[in-house]
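Got your viewer open? Let's take a short walk through this one, selecting a piece at a time.

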Amino acid sequence: MMHTFPQNFLWGGAMAANQVEGAWREGGKGLSTSDLQPHGIFGERVARQPGDFNIKDIAIDFYHRYPEDIRLFAEMGFTVLRISIAWTRIFPQGDEEQPCEAGLAFYDRLFDEMAKYNIAPMVTLSHYEMPYGLVSNYGGWGNRQTIVFFERYARTVFERYRHKVKYWLTFNEINMSLHAPFTGVGLPENSSRQAIYQAIHHQLVASARAVKACHQIVSEGKIGNMLLGGLLYPLTCRPEDMLEALQKNREWLFFGDVQARGAYPPYMARFFKQQGIEIAISEQDNIDLREPVDFISFSYYMSGCATADKTAALARGNVLDMVPNPHLPASEWGWQIDPQGLRLLLNMLADRYQKPLFIVENGLGARDKAEADGAINDDYRIAYLNDHLVQVREAIKDGVEVWGYTSWGPIDLVSASKAEFSKRYGFIYVDRDDQGNGTLARRPKKSFWWYREVIKTQGASLSQR
Ligand code: BG6
């Protein structure tokens with residue numbers, strides 16, 4: 001019986017520039033869509049006024065404090081760290097001919113720091129943000145010119161970091177644009193499905209062009225897509241519910257199908273027809289799309305159910321609205337906890353794509369309370385992560401090729417949905433609250449020592465509960 005993970009399995013954590021870096025106006029950085037969303041990806045968008053408050057302006061000040069944070073990650077034994085590049089640090093408005101050297105130099109310093117500890121960087125090109133200049137002047141991803149700007153950005157960073165970064169991801173949770181169009185594709189929230197799918201098409205073409213550029217520029221580079229793993233079960237075994245679950249799962253698998261297979265899947269033709277959607281696709285687009293990703297990466301926090309019963313109440317989960325599963329417990333934020341779902345999802349994606357998989361987000365958002373002596377005993381987080389990792393190991397035993405696991409938010413950071421600080425994911429506590437008070441000091445939680453042991457023993461210390 002195998003109790004350990006493969007020797008070359010990559011262990012680490014994942015975060016996004018806009019949720020950790022802060023320094024929103026330093027180093028020539030331009031205004032990003034995230035800078036205009038002080039209440040998170042679903043919150044109201046604001047025009048920035050001098051002196052107004054956005055917790056992400058400082059976030060956890062990773063921009064200045066990264067040496068300390070990387071050292072702590074190294075202490076846990078990380079072999080990989082997923083970060084994202086803020087596009088606006090490299091092309092502040094988005095449409096410049098030349099990149100911003102100060103922005104490029106920042107990520108050089110960051111990658112060099114990681115290299116000191118042999119931590120491999122995994123870099124997302126766009127994680128829930130884009131230059132606001134491209135939204136206000138061009139209409140975001142609604143305009144196919146954005147493809148050209150994105151490709152310029154991608155080629156710039158591939159060239160610059162080709163000796164330092166081997167793992168790349170294109171768009172974070174690319175399927176979420178259907179639910180949060182401003183964050184995903186820079187379109188107004190009330191945009192029509194027609195407009196959103198057209199913007200998504202442009203983004204899919206841009207993703208494929210970035211894959212091609214990576215293959216040309218980064219020798220031994222591996223580039224993946226990134227899906228929000230929105231696994232849905234049929235609420236009952238009624239055939240109508242089965243069909244509904246199939247169709248709802250296809251809503252997000254569609255993105256993976258295009259990115260892994262290089263063409264639109266046939267089922268979309270009927271879907272578009274029924275919805276009255278007509279996408280403008282050029283011959284060149286079809287050629288560009290034929291550049292499949294090397295591996296599939298995804299986030300997984302929860303599962304949900306689908307039903308043909310239109311009166312069933314929905315619950316807001318991780319971006320998606322889902323019908324709650326009566327058999328599962330939920331976190332304080334109502335996200336249903338389903339470790340076995342991760343094994344199912346890994347198997348399902350392996351069957352579908354026959355490509356290596358990478359779990360690039362998984363974790364529990366919770367309120368942490370310090371004991372009198374300051375200790376944070378986050379046993380709930382340990383239990384969540386333990387149970388999910390046990391299921392990853394089961395999937396590997398099932399024959400699934402999994403390259404690695406990066407838990408979400410290895411250090412506390414600003415949450416994406418509502419820009420809260422009190423919803424914490426980290427192994428490392430950061431002294432800051434929702435109002436922005438605190439010293440930003442870091443300290444390990446109980447889970448820090450637990451994860452360190454898991455990595456050290458290659459999973460042998462996990463408890464099969
Ligand atoms: C994923 C995102 O949807 O979920 C992250 O890629 C996000 O950016 C994470 O932080 C957890 O969501 P939240 O809202 O709890 O921060």
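Two strands count as paired if DSSP finds at least two bridges between them. Keep that in mind as you go, and remember that this is a predicted model.

**The barrel.** Show the strands E1-E2-E3-E4-E5-E7-E11-E12: these eight form a closed barrel with parallel pairing. From one strand to the next, the twist averages 25 degrees. Now add helix H9 (residues 239-261), which packs on the sheet and touches E4, E5 and E7. The direction of H9 makes about 165 degrees with that of E5.

**Strand E5.** Select residues 222-228. Is this strand mostly covered or mostly open? Six of the seven residues in E5 are buried. With E7 (residues 295-299), E5 runs parallel and shares five bridges; look for Leu228 and its bridge partner Ser299. With E4 (residues 167-171), E5 is also parallel, joined by three bridges, and there Trp168 partners Ile223.

**Strands E2 and E3.** Next, pick residues 80-84 and 120-126, a parallel pair joined by five bridges. Ser84 has Thr124 as its bridge partner.

**The cores.** Which residues have the most contacts inside the largest nonpolar core? They are Tyr107, Phe158, Trp168 and Tyr451, in a core of 144 residues. Helix H8 (residues 193-217) gives the largest share of this core, 13 residues. Zoom in on Phe158: beyond its neighbours within four places in sequence, its contacts include Leu125, Trp168, Ala210 and Ile223. Last stop: a second, separate core of eight residues, among them Met122, Leu169, Met226 and Phe358.

Methods:
Residues are numbered from 1 along each chain as its sequence is written. This is a predicted model: local features need pLDDT of at least 70, side-chain atom pairs count only at pLDDT 80 or more; totals for chains, interfaces and linings use all residues. Side-chain values use heavy atoms; hydrogens and water are left out. Buried means under 20% relative accessible area, exposed over 50%, partly exposed in between (1.4 Å probe, protein chains only). Helices (H or I, at least four residues) and strands (E, at least two) are DSSP runs, numbered from the N terminus. A nonpolar core is a set of buried Ala, Val, Leu, Ile, Met, Phe, Trp, Tyr and Cys residues joined through side-chain atoms within 4.5 Å. Contact means heavy atoms within 4.5 Å. Axes are lines fitted to C-alpha atoms, for helices over the stretch in contact, and angles run from 0 to 180 degrees between N-to-C directions.
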